[in-house]
Amino acid sequence: PNVELTGCIVAGEDLEVHLAGYKEPKIEYGLIYGYNNAEILRRELKDNRYLYAYWNFAEPRRQLLKDAFADNDGILRGEPKFGKSRNRHYLQLNGKDQYAVVEGHIVDTASITFDFWLWWEGGSKEQFVFTFIGDNGLIAFTPANKLDRAELILRRGETTQSVKASRAVPTRKWTRVTITLGNGFGRIFLNGKPVGESKAAIKPEEIRARFGYIGRGFQGGYFNGRLGKFAVFRKAFNRVNEIPDAEEVTRTVKGAKTVN
């Protein structure tokens, strides 16, 4: 039977949503707000090694973006495609109308590290890999601003700060992009090498994010390319070699099989 859920729905922790088997399964609008797995949250933070969200793109779904580590699932828009190349799972975005919507609490923290792999096809400037939007501002990252430099943008009220890299993210090749924000500084690394650092007093939690986009900006700026192994940590690491392997953390904490 078809059941339409409208308004604010509160469901138990054991709820399972199955979209397969329906002629046209769809989520027309809204967000999936979940509580991170209670068993994971009961563990000490040191066991999680500060990992909070991890999308490894290894579970292709038509409308759901699965978090491999916790319950930070997102909703896919525009039916982006999943792929695999040389043992690398990825999400392909067309730069026109494909993106994911995730929950805002992912950036509700004083310090944060974004660590992901990026294949950028190039094209127009100010495409956005992610944007988190709140009542009091936003936090967003573009592989190339108008001056052809990668940039992290922070906005709180009428105050805007940014961390600019010395160059743009390379096009048509896989690049590990790492962004850390905390302790008054923001840093950008490409393939483990520092390419940008600035003072940044705005904390992610201060924007009070209600939701986030992966693959687009607040008003357009759709990303054209591929995303692989996207991890979010609730700590600003000083060096890339300090960042735990998200696959290993997931395997250790959940005791689940992960991907190579």
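Colleague: In this predicted model, which residues have the most contacts inside the largest nonpolar core?

Modeller: The largest nonpolar core of the predicted model has 45 residues. Those with the most contacts inside this core are Trp55, Phe114, Phe116, Phe130, Phe132, Phe141 and Phe230.

Colleague: Which strand gives the most to this core?

Modeller: One strand contributes five residues to the core. It spans residues 112–120, and the strand in question is S7.

Colleague: Which residues does phenylalanine 114 contact, leaving aside its neighbours within four places in sequence?

Modeller: Phenylalanine 114 is one of the core residues with the most contacts. Leaving aside neighbours within four places in sequence, its partners include Phe130, Phe132 and Phe230, which also appear among the core residues just named. The full set is Val107, Phe130, Phe132, Ile139, Val177, Thr178, Ile179, Phe230, Ala231 and Val232.

Colleague: How many residues does the other core, lying apart from the largest one, have?

Modeller: This other core includes Phe69, Phe237, Val240 and Val249. Its residue count is 14.

Colleague: What share of the 260 residues in the protein chain is buried?

Modeller: The secondary structure of the chain comes to three helices and 16 strands. Among contacts between residues at least 6 apart in sequence, 65% join residues at least 24 apart. Of the 260 residues, the buried share is 48%.

Colleague: Is glutamine 127 buried or exposed?

Modeller: Glutamine 127 lies in the loop between S7 and strand S8 (130–134). Its relative accessibility is 3%, and the cut-off for burial is under 20%. Glutamine 127 therefore counts as buried.

Colleague: Which backbone oxygen lies 3.0 Å from a polar atom of the side chain of glutamine 127, besides that of glycine 122?

Modeller: The side chain of glutamine 127 reaches the backbone oxygen of glycine 122 at 3.0 Å. Not counting residues up to four places away in sequence, glutamine 127 also touches Trp120, Phe141, Thr142, Pro143, Gly221, Tyr222, Phe223 and Asn224, among others. The further backbone oxygen, also at 3.0 Å from a polar side-chain atom, belongs to serine 124.

Colleague: Why does glutamine 98 count as buried?

Modeller: Glutamine 98 is found in the loop between strand S5 (88–94) and strand S6 (99–103). Burial requires a relative accessible area under 20%. Glutamine 98 counts as buried because its relative accessibility is 9%.

Colleague: How far is the backbone nitrogen of asparagine 94 from a polar atom of the side chain of glutamine 98?

Modeller: The side chain of glutamine 98 has a polar atom 3.2 Å from the backbone oxygen of glycine 78. Gly78 is also listed among the contacts of glutamine 98, together with Arg77, Glu79, Pro80, Gln92, Leu93, Gly215 and Tyr222, leaving aside neighbours within four places in sequence. For the backbone nitrogen of asparagine 94, the distance is 2.9 Å.

Colleague: What is the C-alpha to C-alpha distance between alanine 144 and phenylalanine 128?

Modeller: Alanine 144 lies in the loop between strand S9 (137–142) and strand S10 (151–156), and its 1% relative accessibility counts as buried. Leaving aside neighbours within four places in sequence, alanine 144 is in contact with Trp120, Lys125, Glu126, Arg149, Ala150 and Ala168. Alanine 144 and phenylalanine 128 are 16 residues apart in sequence, and their C-alpha distance is 8.6 Å.

Colleague: What is the phi of arginine 49?

Modeller: Arginine 49 is found in the loop between helix H2 (45–48) and strand S1 (51–55), and is partly exposed with a relative accessible area of 40%. Most residues other than glycine have a negative phi. In arginine 49 the value is positive, near 55°.

Colleague: Is arginine 172 buried or exposed?

Modeller: Arginine 172 lies in the loop between strand S11 (159–164) and strand S12 (174–182). Its phi is near 55°, a positive value in a residue other than glycine. At 53% relative accessibility, arginine 172 counts as exposed.

Colleague: How far apart are the C-alpha atoms of aspartate 245 and arginine 49?

Modeller: Aspartate 245 is found in the loop between strand S16 (224–233) and helix H3 (246–254). A polar atom of its side chain lies 3.0 Å from the backbone nitrogen of glutamate 248. Aspartate 245 and arginine 49 are 196 residues apart along the chain, and their C-alpha separation is 9.4 Å.

Colleague: What is the volume of the largest cavity?

Modeller: The largest cavity is lined by Asn56, Phe57, Ala58, Glu59, Leu65, Lys66, Asp67, Ala68 and Phe82. By class, this lining has five nonpolar, one polar and three charged residues. The volume is about 40 Å³.

Definitions and conventions: Residues are numbered from 1 along each chain as its sequence is written. This is a predicted model: local features need pLDDT of at least 70, side-chain atom pairs count only at pLDDT 80 or more; totals for chains, interfaces and linings use all residues. Side-chain values use heavy atoms; hydrogens and water are left out. On a 1 Å grid over the protein atoms alone, a cavity is a set of points where a 1.4 Å probe fits but cannot get out, and a pocket is an open set with protein on both sides within 12 Å along at least five of seven lines; lining residues have an atom within 4 Å of a point. Grid points are joined across faces, edges and corners, and a volume is the space filled by probe spheres set on the points. Ala, Val, Leu, Ile, Met, Phe, Trp, Tyr, Cys and Pro count as nonpolar, Asp, Glu, Lys and Arg as charged, and the others, Gly among them, as polar. Helices (H or I, at least four residues) and strands (E, at least two) are DSSP runs, numbered from the N terminus. Buried means under 20% relative accessible area, exposed over 50%, partly exposed in between (1.4 Å probe, protein chains only). Contact means heavy atoms within 4.5 Å. A nonpolar core is a set of buried Ala, Val, Leu, Ile, Met, Phe, Trp, Tyr and Cys residues joined through side-chain atoms within 4.5 Å. A polar contact is a pair of N or O atoms within 3.5 Å; within protein, one must be able to donate a hydrogen and the other to accept it, and residues adjacent in sequence count only if both atoms are side-chain atoms.
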